[in-house]
Amino acid sequence: MVVTRFSRLQHLLLLQPRFQQSRVLRHPLTRTPTLIRSVMGSSSSSSSKLLFRQLFEKESSTYTYLLADISHPDKPALLIDPVDKTVDRDLKLISELGLKLVYAMNTHVHADHVTGTGLLKTKVPGVKSVISKASGSKADKFVEHGERVSIGDLYLEVRATPGHTAGCVTYVTGEGADQPQPRMAFTGDAVLIRGCGRTDFQGGCADQLYESIFTLPKDTLIYPAHDYKGFEVSTVGEEMQHNPRLTKDKETFKTIMSNLNLAYPKMIDVALPANMVCGLQDLLPSQPN
Ligand SMILES: [Fe+2]
């Protein structure tokens, strides 16, 4: 029974046609570790170059991730999904660690908090905001599926994972011996630990979310944008086996997603307009009515 279910999941997670043609996504199935080994994946990644911090904003239960290449003389760094309320904390840490913030990135246009990218840009000249082109938001740098964002000798690969919003991407650490092992995937709200993002706003689509589940080795570490239960990290293999939504067939998944009966997001009316302009809403000239 487990074997049958795994085969189906393996197909769902590793054989999505849209990814098979991408050079950067080629992961030979023949090298896929056994189920037992994969679900016992490591809970941390190692690299002599990478400095990594997982930071938390408690009001929206948002994780912000700090990554830096500390082998590089400049110690270039980036933040993924910063929150406006914790920008000062993040910058203090960056200063204490002697890092140079280069990029402030978002996995998608958030509806539950205001991004910190706008504030970061005002406080640290030269910082570039990054978001997917498909998000329709403003930013200094737009990324698309397959592109890389580099800091020193480390890089993040961009993977389109739409469905929670139309423009959701997952940032994945690089492939190769000189990059962190195992790889780390910053999934935003596309895949949460034992869950996934809602699909009823912002161009969300359950069908699309199900199809866009990315192709990654099962020991890849999953770092989501939120957690509400105290989890910090999972693996692709672990979610393949235990995620209560993503282990279902597509029709069941769509039924689940259309019957969540979630409340209207309380921050959405504030967060969306702000995040569409990179959190710089207060600095924009007022528009005539
Ligand atoms: Fe979201």
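Isoleucine 80 of β3 stands opposite methionine 105 in β4. This is a predicted model, and the pair is a handy way into it. Strands β3 and β4 (residues 100-105) run parallel and share five bridges. Between the two, the chain passes through helix α4 (residues 87-96), and this β-α-β crossover is right-handed.

Strand β3 has another partner as well. Strand β2 (residues 62-69) is joined to β3 by four bridges, in the antiparallel sense, and leucine 67 has leucine 78 as its bridge partner in β3. The two strands make a hairpin with six residues between them, and lysine 75 in the turn has a positive phi of about 50°.

How enclosed is strand β3 (residues 76-80)? Five of its five residues are buried, so the strand is largely enclosed by the rest of the structure. Its side chains are split between two directions: Pro76, Leu78 and Ile80 point one way, while Ala77 and Leu79 point the other, and all are buried.

Just beyond, the loop between β3 and α4 holds aspartate 81. Aspartate 81 counts as buried because it has 28 C-beta neighbours inside 10 Å, where 20 or more are needed. Its phi is positive, although the residue is not glycine. Cysteine 278 also has a positive phi without being glycine, and it lies in the segment after α9 (268-276). Here they are side by side:

| Residue | Phi | Other C-beta atoms within 10 Å |
|---|---|---|
| Aspartate 81 | near 55° | 28 |
| Cysteine 278 | near 65° | 25 |

Let us turn to another sheet. Six strands form an open sheet with mixed pairing, in the order β7-β8-β9-β10-β11-β12. Its edge strands are β7 (148-151) and β12 (234-235), each of which pairs on one side only. Four bridges link β7 to strand β8 (residues 154-160), and the pair is antiparallel. There, isoleucine 151 stands opposite leucine 154 of β8.

Where in the chain is proline 182 found? Proline 182 sits in the loop between β9 (169-173) and β10 (184-188). The peptide bond leading to it from glutamine 181 is cis, with omega near -10°.

Finally, a look at the whole chain. Its secondary structure comes to nine helices and 12 strands. Of the 289 residues, 46% count as buried. Among contacts between residues at least 6 apart in sequence, 65% join residues at least 24 apart.

Conventions:
Residues are numbered from 1 along each chain as its sequence is written. This is a predicted model: local features need pLDDT of at least 70, side-chain atom pairs count only at pLDDT 80 or more; totals for chains, interfaces and linings use all residues. Two strands pair if DSSP finds at least two bridges between them. A residue is buried if 20 or more other C-beta atoms lie within 10 Å of its own, exposed if 12 or fewer, and partly exposed in between; C-beta atoms are placed from the backbone. Two residues are in contact if their C-beta atoms, placed from the backbone, lie within 7 Å. A crossover is right-handed if, with the strands pointing away from the viewer, the path from the first strand over the helix to the second runs clockwise.
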